[in-house]
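Grab a pencil and your favourite viewer. Here are a few short exercises to work through, each with a solution.

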Amino acid sequence: MSRFFDWLAKLIYPPLPNCVACGEPFDSLYPLAFCQRCLARIPFITAPVCSQCDRPLRGGEGDLCRECQNETHYYEQAMAVAVYTGYLRELLHTAKYNFRPDLARGLGTILAVWAENEIRLEGIELIIPVPLHPQRLAVRGYNQAELMARPLATALRRPLRPELLERVKPTRSQSKLSRRERKENMRGAFLVVNCPAVAGKEILLVDDIRTTGYTLSAAAQALLLAGARRVKVLTIAVGVTPEQWMQ
Ligand SMILES: [Zn+2]
Ligand SMILES: [Zn+2]
């Protein structure tokens with residue numbers, strides 16, 4: 001009998017999901033994988049932002065940030081949800097290096113909720129995550145960018161096509177390189193596998209982090225050379241200088 005009541009209770013009061021970051025049960029109006037307390041620790045970007053790349057502006061520099069005034073990229077618009085610092089930096093690091101595909105997918109739910117009603121995504125026809133080189137994929141076990149892009153593709157009802165783009169050069173980690181070395185490091189790193197599938201299309205490239213933008217720009221260049229009409233990029237986090245982000 002008591003088992004029946006257990007079953008009935010679960011039916012009427014389904015157990016709350018657990019936050020993918022802290023493990024606490026939580027209730028949310030949105031299909032998010034994080035509790036309110038964890039969400040409140042994420043440094044979400046608020047206006048004013050750079051019109052090209054969503055970096056927060058401090059005011060007085062016009063509508064382009066310093067990066068965008070000095071550098072051009074093959075993608076035409078870069079979007080980001082939060083700043084690469086603090087708690088979000090920890091979460092992204094864990095999702096990537098501590099074998100936490102669930103956390104990567106969970107971070108994708110933030111992209112999915114953010115993307116609803118985002119006018120800049122209206123013309124997107126295909127979503128492609130930035131691929132890992134097969135050697136790195138074999139070590140990590142999953143591509144975090146692809147897992148993050150999945151809930152986004154579902155929310156936007158657009159096809160996710162990770163197989164269209166390959167990373168053909170085993171690039172060194174960008175973090176210890178100078179700006180010029182980073183750019184050089186990414187040259188010829190990507191190859192479009194099926195050119196007719198991207199020809200004439202407006203494409204959204206998705207990755208976890210954007211710092212210099214060189215990786216995303218090299219991927220965008222490969223897509224444009226294959227005939228893509230337009231490439232936009234979206235990352236959860238964007239790197240900023242301490243002057244841009246002092247709170
Ligand atoms: Zn939490
Ligand atoms: Zn900018």
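The exercises below deal with a predicted model.

**Exercise 1.** Work out which atoms coordinate the zinc ion (ligand 2), and decide what geometry its four donor atoms give.

*Solution.* Start with the donors: the SG atoms of Cys-50, Cys-53, Cys-65 and Cys-68 coordinate the zinc ion (ligand 2), at 2.3 Å. Next, check the angles among the four donor atoms, which run from 106 to 116°. Four donors count as tetrahedral if all angles lie between 85 and 135 degrees, so the site of the zinc ion (ligand 2) is tetrahedral. For reference, the ideal angle for four tetrahedral donors is 109.5 degrees.

**Exercise 2.** Find the spacing of the zinc donors along the chain, and say whether Cys-50 and Cys-65 are buried or exposed.

*Solution.* Reading along the chain, the donors of the zinc ion (ligand 2) fit C-x2-C-x11-C-x2-C. Cys-50 and Cys-65 sit 15 residues apart, both in the loop between α2 (36-40) and α3 (66-70), and the pair links distant parts of the chain. Both of these cysteines are buried.

**Exercise 3.** Check the length of helix α5 (residues 101-115), then judge how enclosed α5 is.

*Solution.* Helix α5 has 15 residues; at 1.5 Å a residue it should span 21 Å. The end C-alpha atoms of α5 are 21 Å apart, which agrees. Now count the cover: eleven of the 15 residues are buried, so α5 is largely enclosed by the rest of the structure. Among the buried ones are Pro-101, Leu-107, Ile-110 and Ala-115.

**Exercise 4.** Classify Phe-4 by its accessibility and place it on the surface.

*Solution.* Phe-4 belongs to helix α1 (residues 2-12). Its relative accessibility is 40%, so Phe-4 counts as partly exposed. Together with Phe-5, Trp-7, Leu-11, Ile-12 and Tyr-13, Phe-4 forms a nonpolar surface patch of about 740 Å² accessible area.

Note on methods
Residues numbered from 1 in each chain as written. Chains lettered and ligands numbered in written order. Predicted model: local features only at pLDDT ≥ 70, side-chain atom pairs only at ≥ 80, totals over all residues. Heavy atoms only, no water. Patch = residues over 30% accessible without salt bridge, like charges linked within 9 Å, V, L, I, M, F, W, Y side chains within 5 Å. Areas by Shrake-Rupley, 256 points an atom, 1.4 Å probe, with all protein chains shown as cover. Salt bridge = Lys/Arg side-chain N within 4 Å of Asp/Glu carboxyl O. Helix = DSSP H or I, 4+ residues; strand = E, 2+ residues; numbered from the N terminus. Buried < 20%, exposed > 50% of the residue type's maximum accessible area, 1.4 Å probe, protein only. Donors = N, O, S within 2.8 Å, 3.2 Å for Na, K, Ca; no water. Tetrahedral: all angles 85-135°; square planar, octahedral: opposite > 155°, others 65-115°. Expected span 1.5 Å × (residues − 1).
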